[in-house]
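Good morning, and thank you for coming. Please look at the sequence and the structure as they appear, and follow along as I go from one place to the next.

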Amino acid sequence: MNYRQGINEDIFLLMSRFADSTYIRFVIVGVFNTLVGTGIMLFCYNVLHISYWWSSVANYFLVSTLSYLLNKSFTFHYGNADRQSLLRFVLNILVCYILAYGIAKTLIRWILAGTIREVQENVAMVVGTLLFVVFNYLGQRFYAFKKMRILFIDNKNEKETCIHPCSLL
């Protein structure tokens, strides 16, 4: 195997870690949540004339409950009804929200410096939504609904399995 093949295999392994059936289920739930949430956010901003921050907060407050329930059961098959996963989920949503919309508003204000505030903020909301999706997937998969890898060893072979942290209690 040459150097280039090794890099391609490493990239494939890395991508397969993220783009598996869990990712497909997350996309299905995410598309639904994103369409509903973006509709709520843009309606609040453009029709009800609520500020950039409160419009985006309304989106995430209303859609996050549905997201938690769907991602917990359908996407990540996290069967435990524990307070820790809920707290990790809420913390993940808050961090992703602040990062995504803070970065988006700052970046779009700089890129579209010559346009009116309403255009900047509408574009920033869309960019913030896209950033949030990426940050949120990583946070939910590797933090909020993280599975522990445990190595069970018997006399004949080693077997690695995934379990939920609360199933050890």
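The side chains of T22 and R25 are joined by a polar contact of 3.3 Å. Please keep in mind throughout that this is a predicted model. T22 has its place in helix 2, which covers residues 21–46. Is T22 buried or exposed? Its relative accessible area is 14%, and T22 counts as buried because the cut-off for that word is under 20%. Which residues does T22 contact, once its neighbours within four places in sequence are left aside? They are T75, F76 and R141.

A second polar contact may be set beside this one. The side chain of K105 makes a polar contact with the side chain of E121, at 3.2 Å. K105 is found in helix 4, and K105 too is buried, with a relative accessible area of 14%. Apart from neighbours within four places in sequence, K105 is in contact with E121, as well as with Y52, W53 and A124.

Let me now step back to the chain as a whole. How many helices and strands does the chain have? There are five helices and two strands, and along the sequence they follow the pattern α-α-α-α-α-β-β. The chain has 169 residues, of which 34% count as buried. Consider also the contacts between residues at least 6 apart in sequence: 66% of them join residues at least 24 apart.

I turn next to the aromatic residues. The structure holds 10 aromatic pairs. One of them is formed by Y68 and F89, which meet edge-to-face, with 5.0 Å from centre to centre and 65° between the planes. Why is this pair called edge-to-face? The angle between its planes is 65°, and the term applies because the angle is over 60 degrees. This pair links distant parts of the chain: Y68 belongs to helix 3 (residues 52–75) and F89 to helix 4 (residues 83–111), and the two are 21 residues apart. Both Y68 and F89 are buried.

Elsewhere, a group of aromatic residues forms one cluster, made up of Y52, W53, Y60, Y97, Y101 and F132. Two members of this cluster have been named already, since Y52 and W53 are among the contacts of K105.

Several of these names return in the nonpolar core. The largest nonpolar core has 22 residues, and those that touch the most other members are Y52, F89, Y101, F132 and F145. Which elements give two or more residues to this core? They are helix 2, helix 3, helix 4 and helix 5, the last covering 117–144. Helix 4 gives the most, with eight residues.

Let us look at two of these core residues in turn. F145, leaving aside neighbours within four places in sequence, is in contact with Y68, N71, K72, F76, Y78, S85, F89 and Q140. Both residues of the edge-to-face pair, Y68 and F89, are therefore among the contacts of F145, because contact means heavy atoms within 4.5 Å.

F132 lies in helix 5. At 5% relative accessibility, F132 counts as buried. Not counting residues up to four places away in sequence, F132 touches Y60, I93, C96, Y97, A100 and Y101. The C-alpha atoms of F132 and T34 are separated by 9.8 Å, while the two residues are 98 apart along the chain.

F132 and T34 also lead us to the cavity. The structure holds one cavity of 30 Å³ or more. What is the volume of the largest cavity? It is about 200 Å³. A total of 18 residues line this cavity, and the closest to its centre are N33, T34, Y60, F132 and N136. Helix 2, helix 3 and helix 5 each supply at least two residues of the lining. Helix 2 gives the most, with seven residues.

My last stop is a loop. H49 lies between helix 2 and helix 3. Phi of H49 is near 55°, a positive value in a residue other than glycine. Is H49 buried or exposed? H49 is exposed, with a relative accessible area of 65%, whereas F132 counts as buried at 5%.

Thank you for your attention.

Note on methods:
Residues numbered from 1 in each chain as written. Predicted model: local features only at pLDDT ≥ 70, side-chain atom pairs only at ≥ 80, totals over all residues. Heavy atoms only, no water. Phe/Tyr/Trp six-rings, centres within 6.5 Å; stacked < 30°, edge-to-face > 60°. Helix = DSSP H or I, 4+ residues; strand = E, 2+ residues; numbered from the N terminus. Buried < 20%, exposed > 50% of the residue type's maximum accessible area, 1.4 Å probe, protein only. Polar contact = N/O pair within 3.5 Å; in protein donor to acceptor, adjacent residues only side chain to side chain. Core = buried A, V, L, I, M, F, W, Y, C linked by side-chain atoms within 4.5 Å. 1 Å grid on protein atoms, 1.4 Å probe; cavity = no way out; pocket = protein on both sides within 12 Å on 5 of 7 lines; lining within 4 Å. Points joined across faces, edges and corners; volume = space filled by probe spheres on them.
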